[in-house]
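Please go through the structure below with this report at hand. It takes up an annotated site, one helix and one set of strands.

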Amino acid sequence: MEESGSVDSVESLCSSTTTRSDRSSGPRVSDTELRSKAKAVEKVYKDPSKDELPLLPEELVQDSAKDVTYICPFIGPVRGSLTVTNYRLFFRCTDREPVFGLDLPLGGLSRVEKIGAASSRGDVSYGVVCKDMRNLRFVHKEPEDSLKKSVFEVLMKFAFPVSNNMSLFAFEYKQVFPENGWKVYDPLAEYKRQGLPNESWRISKVNDHYELCDSYPATLFVPVTITDEELRRVSSFRAKGRIPVLSWIHPESQAAVVRASQTMVGQNGRRCKEDEKLLQAIMDANAQSHKLFIFDARPSVNAAANKMKGGGFESEDAYQNAELVFLDIHNIHVMRESLRKLKDVVYPNIEESHWLSNLESTHWLEHIKLILAGALRIADKVESGKTSVVVHCSDGWDRTPQLTSLALIMLDSHYRTIRGFQILLEKEWLSFGHRFQQRVGHGDKNHTDADRSPIFLQFIDCVWQMTRQFPAAFEFNEYFLITILDHLYSCLFGTFLCNSEQQRLKEEVPKRTVSLWSFVNSQLEEFVNPLYVHYPSHVLFPTVGIRHLQLWVSYYIRWNPRMRPQEPVHQRYKELLAKRAELQKRVEELQREAANRMASSSSERAGSPTRSITPVQTFV
Amino acid sequence: MLSLGSVGAKSTKPSFVSYVTPEEIKLEKEPPKKLKHPDLLPGEVEFCSANPILKYTQDDLSQRGVFGTLFCTNFRITFISDEKSQEETTKTFKNKLYGENDIPLMFVDHIYGVYDEKRKLITGALVKNKYPSKIIIHCKDLRVFQFCLTYTKEEDAKKIFQGIAHHCLEEKSLKCVFAFSYTGTPSPEMQRKRETILFDSPEDWTQEMKRTKANCRLVTENENFELSQRLPKYFVIPSALGDLFSYQGKGFPIWCWSHYSGCALFKASLPPVTQEDGDFQKHFDIMINAVAHNYLYSAKTEDLSESLPTIQDIQQSYNKFKQFFLIENSTDFWLSDMKWFSSLESSGWLDIIRQCLQKAVEVVECLEKDNTNVLITEEEGTDLCCVISSLVQIMLDPYYRTLMGFQSLVQKEWVAGCHAFLDRCNHLHQKDKECYSPVFLLFLECVWQLVQQHSPAFQFSETYLTVLSDSVHMPVFSTFLFNSAHHRESVLKAESPLAQSSPLSCPTVWDWSVQFDSKAQNYFFNPLYSEKVKHEKAVRKPHKLKHQRQLSLPSTAFKTPFKKGFFKDETDSLKKMLRVKRLSRWMGSPDSTAAISREFYESWQQRPLDYHGLLLPCLDGPAVRVWMQRYLRWIPEVHILGGGSVAVMTKLMELLSQVQDLKRVLEQRDSSQAAKPDHRPYIQHRLLSFGSSGRLPSSFPFAYSRNRSFKPIIPTGLMQCLMLTDSLASQEDEASSFVSLV
């Protein structure tokens, strides 16, 4: 089956639960997630018998070369042809069984460079470092005609369009999907779902034109007792003008999750009357508690060090009734370094004998633990303590969205649905200005940029840890999370472009690009967790002990064919569901049949069998 | 409680508890009440008791607890709370022999006494002195109990302490084990058919040989243990093996299992080393030749004592490993959480598991790919040989992945195979610990890894394995109580109440109804098990075809059956062809061993998965895991309310029972099929009602979190968790000012 046709294999590429049937396709499946993004389109363009490249609309082949060798760290050198389009890198080798292929979007490349000089045989070697935890190495012959550009020079040009004054492929791509994903998030509708505005919270138009804060959304919710003028004064006291605004409100207790950036206290201990009043008003908006918790995501040492640079944290003198808690989460540089170490440990090969201590030395899971523990404490304060909380870090766009969105997932089951999760990302990450452009470096060749950091990946990892601990509480499956991460880098969709709502509007991103949610919501069945049960009122408190945290093998080690995930649970569950549906149908048929027969014969006997049928409630 | 979350977040070790308050309460309302007594099992005798004793709740730092009476009987230490126990009745998974406040004496691993706030390991010497204020009991099933003795009268406290110490720690004779006093009647529920094969009769062995199409010889000469007391009563050897009595009861290649191709796995204790080296070599050669003769004159041997850790290594490693789970309070828990991975690695336990699985895969490769006979040897032939041979059979033979098959395998390789359970488990608390080693547990750990990686291939669940690992220490069953078949028989005969008549009958562990009712036994079955879909006849055919396809070339050349005497006539020419190799030598250096079996694994991985075919484990670092259910079940800090694999399992069981219900409805209606009963095990999966709230802790069905008002567990001491000192940590978040975009 596996060799028979690429139709099948491409279909199977779209299932995250890598079953054994597609194992046989070898490392080709390793590109599973990347290829599937354009599944709908590929079907149209692809001819299974030939190794023609399935192109997306507006995708153009830029260059191709035969006789390129890909040095696969798992199966050794593979010879084949390499094609570069304005969207992807495509390598294919057909003289092997099974067929071997690599297909990755150029957006996933972080660095392309020549390794060493040309060898005596005229071979040149190129290394490609990817953002998705792998490195590729190619060797090919230097073209005889020295004037002709090699395929790798073309690759460098299209891999980093921003550095070459070209636009990202997302702006070219014109696929039409049945649903428009840009309409997924409507701030007013989302706040309305939470019961806002109400007697304590109002919409403020102070940031309508992004004048108060250019990295905040236009729609802000603030306590009714605070005027826009006061907000303006608060904005000068909060880093980057990111004032405390409401993020979520508890439907019963009215305890609120509020997000902000650090206060500009400085060494002299500046104070701001309006800021103090605002926090008091936030506390007063919740009648259940006479306390306010301020969660500073940073380690206290770093928070104190920030005072030297004019920043700092709320002093207990100025903010009475408020308790400040540091959550000890490290900065973007520490996280970047941690992921780099993790890549060294897992790619390409895993050192078996020291696996655990190597894993520990990356600190990756400890960072995950700290973030989850922070979010847990926030959720606990809101749920169990019925207390409002203010969450901030330095600028309030990295650790803050990690914490608030994780706490929101714990507190509100809506965010555990597929659409709810999209709304959560649109709200907490995109509208509140997580600097995706800077952190990911879309199309930018400056791979050493110190602003890059895997903050969003870390958040998705935390969500994955929660889906592991609560396998039936999330509507989406692992493949959904991997798809989001793949398209975080792919630059196929406009969703994760730019640094803020303002920039996205300026660049007309919603008009000129396709949203990732258009793609996702047009084939939801791929992303549904068959185990999902919707319990509207359940709050999830995960266990943050490192004993219960796992390395996300099917993301970080997915390129290693030996570590291919085995998810038979979902497979079997789907089978069972189908079986049940089938049986149910048959019972109904028989019942109908019996009813018919009963009508003609005596009425006495027919009653009993129907009684024994237990009502089956559908929970999926 | 959360206030310690603020700035400092420094949690201190719990200071020793002030007893004033509870004591006062106690005195205030002391009604002259009757002492509650435990429900004794048949044959159980109460030794001593003390009241009031404070049993600490493990959940928190507050050192709170429950008052009650502590008893010591010939079976267990038991604590009976003064308060009414409410939850006991609601349990769906209840062990009939012991409850959550019972510690069967054989479960006791270590006892610590707290003397003036210092914790000391209780040994014989300490008992004589004054009694401690608090005793801490570490159990072999990893529970931890803490009892405070300061409220009770001095002589009572002394008595109970000395009683417990005496009955749990002192070396005792086998006769004192509760099994010989237990007079519980075997339950009538135990059905005769579909029972575990015990391998205690020649018929069982003949049947097994028939099943695997083995061509070997059953030895009945040891029926009265004339050959050796260390050998099983009945066993099977290669048919080419000659005179039995020249072996001095050692160095028999004992047949374990035959591959469909004809090659087979044998295990042997090493032949006795005599003064002359030549003798040993000669003996060894005879052994190898006999094995090689079994099929195609090929054999590989592997001395497991050379290539695997010794039983002492296993013991030491497990000792370190289990400490991580014997948690007395949450401060300890969060402290140990910080260095979790490196401490795990330093114990080496996971690595030993990996090595065993790795060795088993190598043997599987020889049998499956090369179709050569394999002989594994070891000093005694009853420790690692049992681990490896059982693992090999589980990987190759789907029958052993069913519940009955697995139990039969344990009987065949371990119980009838004379694994020295009594010594290895140290049931009698002998002081010379040389022979103590959790070899059987190691085997269960390896099986768990397989179950975890390929769960649909196994009919039993991890809960079953966990329960089995506990039952090893259950002093009621005869299964794990003896060192050999001879030992079992002689002891049971001697202990018989009616001398000279029938030997004493102890229940076997496989009679699960002694411990669990049928509802609880449902948890032993894996709802994910993918049964063979078709009826057996339909499946067997393609199965065979597949096998033939897989046969390697040389075997087809030799397909014609050999005549007797064929070997003798042409010995010389055939000897040249004899492919006798040592497994390890043939494999070359250890590095290439790994590489070769890696290749074997990868080629297997590329074939479509057949849950009823060959099964191989992935052994890369992240794939070998800690058996969470067994090790974390009593630690409240890691319980996930409404989560964990329990959530999936209960969901699946619900769904399965719905499917079964519907099927039954169909069957009822389909009159033509009505006569045919469906005896697949999970028909019993009646809806296990968990209540609509359905939020079970992940430790289900073992520990129940009580009085837990749905609160999260906030880690303490996070500050120490990650003290990064490098320059990155102190760097500013924003390295540069705004970079313009696009």
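## The annotated cysteine

A residue counts as buried when its relative accessible area is under 20%. The model is predicted. By that cut-off A:Cys393 is buried, because its relative accessible area is 1%. The UniProt record, an unreviewed entry, places the feature "active site" at A:Cys393. Such annotations may be inferred rather than shown by experiment.

Where does A:Cys393 lie? The residue sits in the loop between E14 and H12 of chain A. Neighbours within four places in sequence are left aside for its contacts. On that basis A:Cys393 touches A:Ala260, A:Ser261 and A:Gln262. It is also in contact with A:Asp296, A:Ala297 and A:Arg298. A:Asp398, A:Arg399 and A:Thr400 complete the list.

## A:Asp398, a contact of the cysteine

A:Asp398 is among the residues in contact with A:Cys393. Its place is in the loop between strand E14 (388–392) and helix H12 (399–411) of chain A. Is A:Asp398 buried or exposed? It counts as buried, because its relative accessibility is 2% and the cut-off is under 20%.

The side chain of A:Asp398 has a polar partner. It makes a polar contact with the side chain of A:His434, at 3.3 Å.

## Helix H9 of chain A

H9 of chain A covers residues 332–346, 15 residues in total. From first C-alpha to last, the helix reaches 21 Å. That is close to the 21 Å expected at 1.5 Å a residue. At the start of H9(A), a side-chain oxygen of A:Asn331 comes to within 3.0 Å of the backbone nitrogen of A:His333.

Which residues of H9(A) are buried? In the early part of the list are A:Ile332, A:His333, A:Val334 and A:Met335. A:Ser338, A:Leu339, A:Leu342 and A:Lys343 are buried as well. So are A:Val345 and A:Val346.

## Strand E5 of chain B and its partners

E5 of chain B spans residues 108–115 and is mostly covered. Of its 8 residues, 7 are buried. E5(B) pairs with strand E7 (residues 134–139) of chain B in the antiparallel sense, over 6 bridges. Within this pairing, B:His110 has B:His138 in E7(B) as its bridge partner.

E5(B) also runs antiparallel to strand E6 (residues 118–121) of chain B, joined by 4 bridges. Here B:Tyr112 is bridged to B:Leu121 in E6(B). The hairpin of E5(B) and E6(B) has 2 residues between the strands. In that hairpin B:Asp116 takes a positive phi near 50°.

Conventions:
Residues are numbered from 1 along each chain as its sequence is written. Chains are lettered from A and ligands numbered from 1 in the order in which they are written. This is a predicted model: local features need pLDDT of at least 70, side-chain atom pairs count only at pLDDT 80 or more; totals for chains, interfaces and linings use all residues. Side-chain values use heavy atoms; hydrogens and water are left out. The expected span of a helix is 1.5 Å times one less than its number of residues. Buried means under 20% relative accessible area, exposed over 50%, partly exposed in between (1.4 Å probe, protein chains only). A polar contact is a pair of N or O atoms within 3.5 Å; within protein, one must be able to donate a hydrogen and the other to accept it, and residues adjacent in sequence count only if both atoms are side-chain atoms. Two strands pair if DSSP finds at least two bridges between them. Contact means heavy atoms within 4.5 Å.
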